[in-house]
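This report describes the aromatic contacts and the pockets of one protein model. Please view the sequence and structure below before reading on.

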Amino acid sequence: MILIAIILGCVIGALIGINMPMISYTYSGYLAIAIIAALDSVFGGIASTLKKNFDLKIFVTGFFGNAILSILLTYLGQKLNVDIYLAAIVVFVGRMFNNLGIIRRFYIEKWSKNRRKNDKKEENKTVGE
């Protein structure tokens, strides 16, 4: 089921990407920072799912709240002629790396446990022969 959703999402995204007009340079900075904020929320959602404390309300409000706040910071920075959006990038990318580390550790530990379990099974098979 998840595989079908992933394939469907990729096809829809490709079709939209092919038929969508280019985004003007004026708005590309806003879109870039909003995407980084959204990716931070996605990685946070995956990490909290692995920790078994995921809450959909927190995810959705964080997803849109982070994106809107980062766009507002970018707008304010452009009006003040100061690159305030860099602060948002540093924070969001730092959090993405932290969440990626949590995800990586989870799967490495899971892989190590399965490997030890399989090694014990192989060891018991050779002893039993």
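## Aromatic cluster

In this predicted model, Phe-54, Phe-59, Phe-63 and Phe-64 belong to one aromatic cluster. The count of aromatic pairs comes to four. One of them joins Phe-59 and Phe-63, with ring centres 5.9 Å apart and 40° between the planes, a tilted arrangement. These two residues are both in helix 3 and are separated by four positions, about one turn of the helix.

Phe-59 has a relative accessible area of 25%, and the value for Phe-63 is 24%. Phe-59 counts as partly exposed because 25% falls between the limits of 20% for buried and 50% for exposed. Phe-63 is likewise partly exposed. Phe-63 also pairs with Phe-64, and here the geometry is edge-to-face: the centres are 5.2 Å apart and the planes meet at 85°. That pair is edge-to-face because 85° is over the limit of 60 degrees, whereas the Phe-59 and Phe-63 pair, at 40°, is tilted because its angle lies between 30 and 60 degrees.

## Largest pocket

The volume of the largest pocket is about 270 Å³. Its lining consists of 14 residues, and those nearest the centre are Tyr-25, Gly-29, Thr-74, Gln-78 and Tyr-85. Helix 2 (25-50), helix 3 (56-80) and helix 4 (85-128) are the elements that give two or more residues to this lining.

Helix 2 supplies the largest share of the lining, six residues. Sorted by class, the lining residues of the largest pocket are six nonpolar, seven polar and one charged.

## Second largest pocket

The second largest pocket holds about 230 Å³ of space. It is lined by 15 residues; Ser-41, Gly-44, Gly-45, Ile-58 and Phe-59 lie nearest its centre. Phe-59 thus appears in this list as well as in the aromatic cluster. The elements that give two or more residues to the lining of the second largest pocket are helix 2, helix 3 and helix 4.

How do the residues of this lining divide into nonpolar, polar and charged, and how many are in each class? Four are nonpolar, eight are polar and three are charged.

Key. Residues numbered from 1 in each chain as written. Predicted model: local features only at pLDDT ≥ 70, side-chain atom pairs only at ≥ 80, totals over all residues. Heavy atoms only, no water. 1 Å grid on protein atoms, 1.4 Å probe; cavity = no way out; pocket = protein on both sides within 12 Å on 5 of 7 lines; lining within 4 Å. Points joined across faces, edges and corners; volume = space filled by probe spheres on them. Nonpolar A, V, L, I, M, F, W, Y, C, P; charged D, E, K, R; others polar. Phe/Tyr/Trp six-rings, centres within 6.5 Å; stacked < 30°, edge-to-face > 60°. Buried < 20%, exposed > 50% of the residue type's maximum accessible area, 1.4 Å probe, protein only.
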